[in-house]
Amino acid sequence: MSKQPLFFEPIFKDRIWGGQRLTSFGYDIPSSRTGECWAFAAHRNGESIVKSGEFKGLTLGQLWKDHPHLFGNLKGDRFPLLTKILDATQNLSVQVHPDDNYALDNEGDLGKNECWYIIDCDEGAEIIYGHTAQTKEEFQRMVVEGKWDTLLRKIPVRPGDFFFVPSGTIHAIGAGIIILETQQNSDTTYRVYDYDRRDHNGNLRELHPSQSIAVTKVPSEEPKKTHFHKRDGDMIITTFVECDYFNMHKWELQGTVNITEKDFFLLVSVISGAGLIKQNDESYRFKKGDHFMLPSGYGDFEIYGKVELIVTHL
Ligand code: ZN
C-alpha cells in the first residue's frame, strides 16, 4: 500500500503570556491566552494525533514505536523533534539548555538545540540571544549581581528571520512575536531570569543560576545569518540550518514544483497560502495552519499553489 501524507491535529496550550493571534492560522483557539500550538509532538504533555486516513486516531508516539518504516526505521526511544507555533504577547523567561553530554550526566535526558523562524512580529520586537560576558567569572558575577540589562544581548527581529539556538546559548522570545520553533524533544531547560515577575500567588518562578552558569557558552557566539537559496521549478528553497539534530528549510512556491523521492520523512508546516500535494491520481489540499508529515519513502510528488512552507527533517 502506498504511503500517504499524515495530517496532524494541532494541540493548544494556555499560557500567561499568550494571546489570540493564533486565530490568524484559522485555528479555533480555546482561550484568549493561547500561547502555543503544538504542531508535531510526541511528548508526555501533548501528543499529536493523525486526523484522517489509514492511521487516523493514532498518536505520533505510537506511529514512531509501531510503524518505524514511516520514519525510515530510525533508532531512538522517542520521536526526536518537537515543533510549535508560539504567540508571545509578553516576554518569555530567559533560559538556556544544556548539551547532550551535560544533560545525560545530570538529568538523564537529552540536551536541547532549537531553532526559530519569525513568522510575524510587531515593529521593534526583540529576542534575547547570547550575552556580553567575556569570561565565565564575569558571566557568573553578572548573574549573581542581577546585571541583566548589560548581560543579556537583545537582537531586533523582522518577519522571515531565522535563528539557530544551539545548546549553551542564553535565549528568550520577546513580546510581540509569532514564531515557529523546532527543538529536540527533551525537557532540559534552565531558567536564567524571569524579569522578577510574580505569579497570581505572589511567587517568583524558580531560577537555576548554578546550572545556567555551568552550561552557558562564554563568550557567546553571534547568530549565523547566512542562508542558502536555490530555485527548483517555481519554488525558492531557503536552507536555514543543516546540523546533527535537524535541518530546516523554507519552500516558497508560486506555481508548480516536482519533488523527487526523499529517503527521509519531512515535517511540513504551512505558514501562508494554500496548495495541493499530488501523487499519481491522489491529491491532498492544504492551507495555512496545517501541519503534515510526508513519510520516508513517500515517493515522487508535485505541489501546486501559492504557499510558504517550513520543512524540517533530520
Ligand atoms: Zn529554549
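**Exercise 1. The two domains**

How much area is buried between domain 1 and domain 2, and what share of that area do carbon and sulfur atoms give? Work it out for this predicted model.

*Solution.*

Step 1: Find the two parts. Domain 1 covers residues 6-215, and domain 2 covers residues 228-313. Their C-alpha centres lie 24 Å apart.

Step 2: Get the area. About 2600 Å² is buried between domain 1 and domain 2, and carbon and sulfur atoms give 75% of it.

Step 3: See who pays for it on one side. Phe7, Phe40 and Tyr117 are the residues of domain 1 that lose the most area to domain 2, and together they make up 24% of what that side buries.

**Exercise 2. Who touches whom?**

Describe the contacts between the domains, then sort the residues on the domain 1 side.

*Solution.*

Step 1: Count the residues. Domain 1 brings 31 residues into contact with 26 residues of domain 2.

Step 2: Look for charge pairing. You'll find zero salt bridges between domain 1 and domain 2. Polar contacts do turn up, with seven residue pairs between the two domains, both residues at pLDDT 80 or more.

Step 3: Trace the domain 1 side back to its strands. At least two residues each come from β1 (6-9), β3, β7 (81-88), β9 (114-121), β12 (162-165) and β14 (177-184).

Step 4: Sort by residue type. The side of domain 1 that touches domain 2 holds 20 nonpolar, eight polar and three charged residues.

**Exercise 3. Tyr27 and its surroundings**

Is Tyr27 buried or exposed? Once you know, list what surrounds this residue.

*Solution.*

Step 1: Place it. Tyr27 sits in the loop between β2 (11-19) and β3 (34-40).

Step 2: Check accessibility. The relative accessibility of Tyr27 is 9%, so it counts as buried, because the cut-off for buried is under 20%.

Step 3: List the contacts. Skip the neighbours within four places in sequence, and Tyr27 is in contact with Pro10, Phe12, Leu22, Cys37, Ile85, Gly289 and His291.

Step 4: Pick out the polar ones. The side chain of Tyr27 has a polar atom 2.6 Å from the backbone oxygen of Gly289. That side chain also makes a polar contact, at 2.8 Å, with the side chain of His291.

**Exercise 4. Sequence distance versus space**

Compare two pairs, Tyr27 with Lys65 and His69 with Pro295. How far apart are the C-alpha atoms in each pair?

*Solution.*

Step 1: Take Tyr27 and Lys65. They are 38 residues apart in sequence, and their C-alpha atoms are 29 Å apart in space.

Step 2: Take His69 and Pro295. These two are 226 residues apart along the chain, yet 8.2 Å separates their C-alpha atoms.

Step 3: Look around His69. It lies in the loop between α1 (60-66) and β7, and it's partly exposed at 36% relative accessible area. Beyond its neighbours within four places in sequence, His69 is in contact with Lys3 and Ser296.

**Exercise 5. Backbone oddities**

Which peptide bond is cis? Next, check the phi angles of Tyr195 and Asp196.

*Solution.*

Step 1: The cis bond joins Val218 and Pro219, with omega at about -10°. Pro219 belongs to the loop between α5 (209-215) and β16 (228-232).

Step 2: Tyr195 isn't a glycine, but its phi is positive, about 60°. It sits in the loop between β15 (190-193) and α5, and it's partly exposed with 26% relative accessible area.

Step 3: Asp196 isn't a glycine either, and its phi is positive at about 55°. This residue lies in the loop between β15 and α5 and is exposed, with a relative accessible area of 57%.

Definitions and conventions
Residues numbered from 1 in each chain as written. Predicted model: local features only at pLDDT ≥ 70, side-chain atom pairs only at ≥ 80, totals over all residues. Heavy atoms only, no water. Helix = DSSP H or I, 4+ residues; strand = E, 2+ residues; numbered from the N terminus. Buried < 20%, exposed > 50% of the residue type's maximum accessible area, 1.4 Å probe, protein only. Contact = heavy atoms within 4.5 Å. Polar contact = N/O pair within 3.5 Å; in protein donor to acceptor, adjacent residues only side chain to side chain. Domains from an automatic or database assignment. Buried area = accessible area lost by both parts, 1.4 Å probe. Salt bridge = Lys/Arg side-chain N within 4 Å of Asp/Glu carboxyl O. Nonpolar A, V, L, I, M, F, W, Y, C, P; charged D, E, K, R; others polar.
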